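Here is a friendly walk through two ligand sites and some aromatic pairs. Have the structure open as you read, and follow the residues by name.

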Amino acid sequence: MKDMKKAFITGITGQDGSFLVEFLLKKGYEVHGMIRRASTFNTSRIDHIFQDPHSINVRVFLHYGDLTDSGNITKLINQIKPDEVYHLGAQSHVRVSFDMPEYTADTDGLGTLRILEAIKNSGLPIKFYMASSSEMFGSSPPPQNEKTPFDPRSPYAVAKVFSYYATRFYREAYGIFACNGILFNHESERRGETFVTRKITRSIARIKAGLDKKLYLGNLKAKRDWGYAPEFVEAMYKILQHSEPDDFVIATGQMHSVEDFLQESFAYAGLGDWKKYVEIDPRYFRPAEVEVLQGDFSKAKEKLGWEPKTKFKDLVKIMVDADIKNLNNKQ
Ligand code: NAP
Ligand code: F7E
């Protein structure tokens with residue numbers, strides 16, 4: 001259909017990609033997504049919106065690809081001719097980036113450059129969203145906003161800083177509508193199971209069901225600004241609809257420690273004192289830690305009319321309830 005806007009999402013199978021595709025379909029978009037070939041199915045987060053390409057009025061299309069393959073990226077940009085690219089694909093685990101620094105730099109750093117080059121060389125007026133991260137602020141003191149200096153503390157953060165500046169550079173040098181969303185931690189019932197919030201809520205469900213006795217964690221003192229992912233993908237869309245390309249911090253402004261999350265979630269699940277269940281395992285400590293993140297989202301509020309709605313306690317409830325329900329359904 002001629003007037004339908006086309007979006008291309010890298011990372012469509014991830015937490016954010018899955019919420020974003022739902023959001024863009026509701027807005028009337030045709031959505032294309034890059035998926036990786038894997039020996040097992042990796043599309044569980046988007047299976048509910050999959051459309052058989054043989055049926056009529058299909059609006060979701062999946063393409064095999066990889067961020068390390070520039071030929072493939074160039075081909076996809078030229079074939080799809082999207083109006084908007086949402087670049088969410090990444091090796092997104094900070095702890096893993098210390099084990100795989102080169103792969104992380106290739107995927108999270110050079111991967112962005114490959115897409116920007118493909119957009120530039122296509123000559124098409126494609127808008128570009130870069131999934132930048134609060135991790136880039138590292139040990140810069142909170143609250144962090146668009147003017148706070150970066151101080152990356154992991155290979156992941158170093159690669160994201162590269163992508164942040166590549167995005168700005170392509171905007172300034174080539175006039176591409178390229179924007180950074182600097183998103184603080186955002187979680188949901190679809191969060192990857194090895195990130196700390198989901199690891200905790202999944203473990204609570206297993207402890208309640210009698211399947212596990214203990215939960216092993218690392219640094220409990222770290223503080224994060226945790227929001228709810230579906231609200232954050234709406235901000236991505238708003239950033240690309242703004243009158244001019246720009247960079248925005250997206251956050252809740254509220255900060256809690258991992259201990260606070262444990263306290264709130266174990267109490268809500270009726271398990272009482274979390275200290276009875278949690279053990280410290282040094283393997284989950286990082287060679288360098290980001291201790292405190294708290295975002296100042298006033299620019300996004302003023303210019304995009306965006307603000308978060310879900311509070312910390314409600315996020316905890318959503319995640320605990322979903323993991324208990326998931327496990328009950330499997331049993
Ligand atoms: P996620 O759940 O880990 O999803 C990452 C996505 O990237 C998945 O679809 C994954 O595919 C894909 N991917 C990984 N390596 C790839 C490669 N080499 N080629 C192509 N695709 C690849 O991450 P998320 O939480 O949705 O986050 C989305 C983006 O926002 C990421 O760039 C992340 O770094 C960034 N970010 C996230 C947060 C947060 O709190 N969630 C905050 C700030 C920034 P598979 O499904 O096949 O693994
Ligand atoms: O860790 C501590 C850990 O892995 C949060 C990614 O989406 O957000 C995410 O990165 C904190 C850290 O998220 C465990 O040391 C303690 O201080 O859930 P996380 P992250 O590192 O903040 C940013 C914004 C992104 O951009 C990333 O893509 O929790 N922690 N014990 C633990 N963390 C994990 N994963 N596992 C533990 O056992």
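In this predicted model, a nitrogen atom of ligand 1 sits 3.2 Å from an N or O atom in the side chain of Arg191. Two further polar contacts involve oxygen atoms of ligand 1: one oxygen is 2.6 Å from a side-chain N or O atom of Thr13, and a polar side-chain atom of Ser92 is 2.7 Å from an oxygen of the ligand. Taken alone, ligand 1 exposes 900 Å², and the protein buries 90% of that area.

Step back to the whole shell, and you will find 26 residues around ligand 1, with Thr13, Asp16, Arg36, Ser92 and Tyr156 the closest. By character they divide into 9 nonpolar, 12 polar and 5 charged residues. Which helices and strands each supply at least two residues of this shell? They are helix 1 (15–26), helix 4 (101–122), strand 5 (127–133) and helix 5 (155–174). Strand 5 gives the most, with 3 residues.

Now turn to ligand 2. Its surroundings comprise 22 residues, and those that come nearest are Ser92, Ser133, Tyr156, Arg286 and Glu289. Ser92 and Tyr156 are thus listed among the closest residues for ligand 1 and among the nearest for ligand 2.

The table gathers polar contacts of both ligands.

| Ligand atom | Protein partner | Distance |
|---|---|---|
| Ligand 1, oxygen | Thr13, side chain | 2.6 Å |
| Ligand 1, oxygen | Ser92, side chain | 2.7 Å |
| Ligand 1, nitrogen | Arg191, side chain | 3.2 Å |
| Ligand 2, oxygen | Tyr156, side chain | 2.6 Å |
| Ligand 2, oxygen | Glu289, side chain | 2.6 Å |
| Ligand 2, nitrogen | Gly218, backbone | 2.8 Å |

For ligand 2, the side chains of Tyr156 and Glu289 meet oxygen atoms, while a polar backbone atom of Gly218 meets a nitrogen atom. Ligand 2 on its own exposes 700 Å², of which the protein buries 95%. The shell residues here divide into 8 nonpolar, 8 polar and 6 charged. Where does ligand 2 lie with respect to the domains? Domain 1 (6–187 + 226–250) and domain 2 (196–224 + 255–291 + 310–330) both give residues to its shell, so ligand 2 lies between them.

Aromatic rings offer another view of the fold. A search of the whole structure finds 17 aromatic pairs. One of them joins Tyr86 and Tyr129: the ring centres are 6.1 Å apart and the planes stand at 40°, so this pair is tilted. Tyr86 belongs to strand 4 (residues 84–87) and Tyr129 to strand 5, so the pair ties together parts that are 43 residues apart in sequence. Are these two tyrosines buried or exposed? Both Tyr86 and Tyr129 are buried.

A second pair, Phe266 with Tyr277, has ring centres 5.4 Å apart and planes at 25°, so it counts as stacked. Phe266 is in helix 8 (residues 258–268), and Tyr277 is in the loop between helix 8 and strand 13 (278–280), 11 residues away. Phe266 has a relative accessibility of 0% and therefore counts as buried. Tyr277 is buried too, with a relative accessible area of 15%, a value under the 20% cut-off.

Finally, look for a group of rings rather than a lone pair: Phe137, Phe150, Tyr164, Tyr165 and Phe184 are linked into a cluster by ring pairs.

Terms used: Residues numbered from 1 in each chain as written. Chains lettered and ligands numbered in written order. Predicted model: local features only at pLDDT ≥ 70, side-chain atom pairs only at ≥ 80, totals over all residues. Heavy atoms only, no water. Near = heavy atom within 4 Å. Polar contact = N/O pair within 3.5 Å; in protein donor to acceptor, adjacent residues only side chain to side chain. Areas by Shrake-Rupley, 256 points an atom, 1.4 Å probe, with all protein chains shown as cover. Nonpolar A, V, L, I, M, F, W, Y, C, P; charged D, E, K, R; others polar. Domains from an automatic or database assignment. Helix = DSSP H or I, 4+ residues; strand = E, 2+ residues; numbered from the N terminus. Phe/Tyr/Trp six-rings, centres within 6.5 Å; stacked < 30°, edge-to-face > 60°. Buried < 20%, exposed > 50% of the residue type's maximum accessible area, 1.4 Å probe, protein only.
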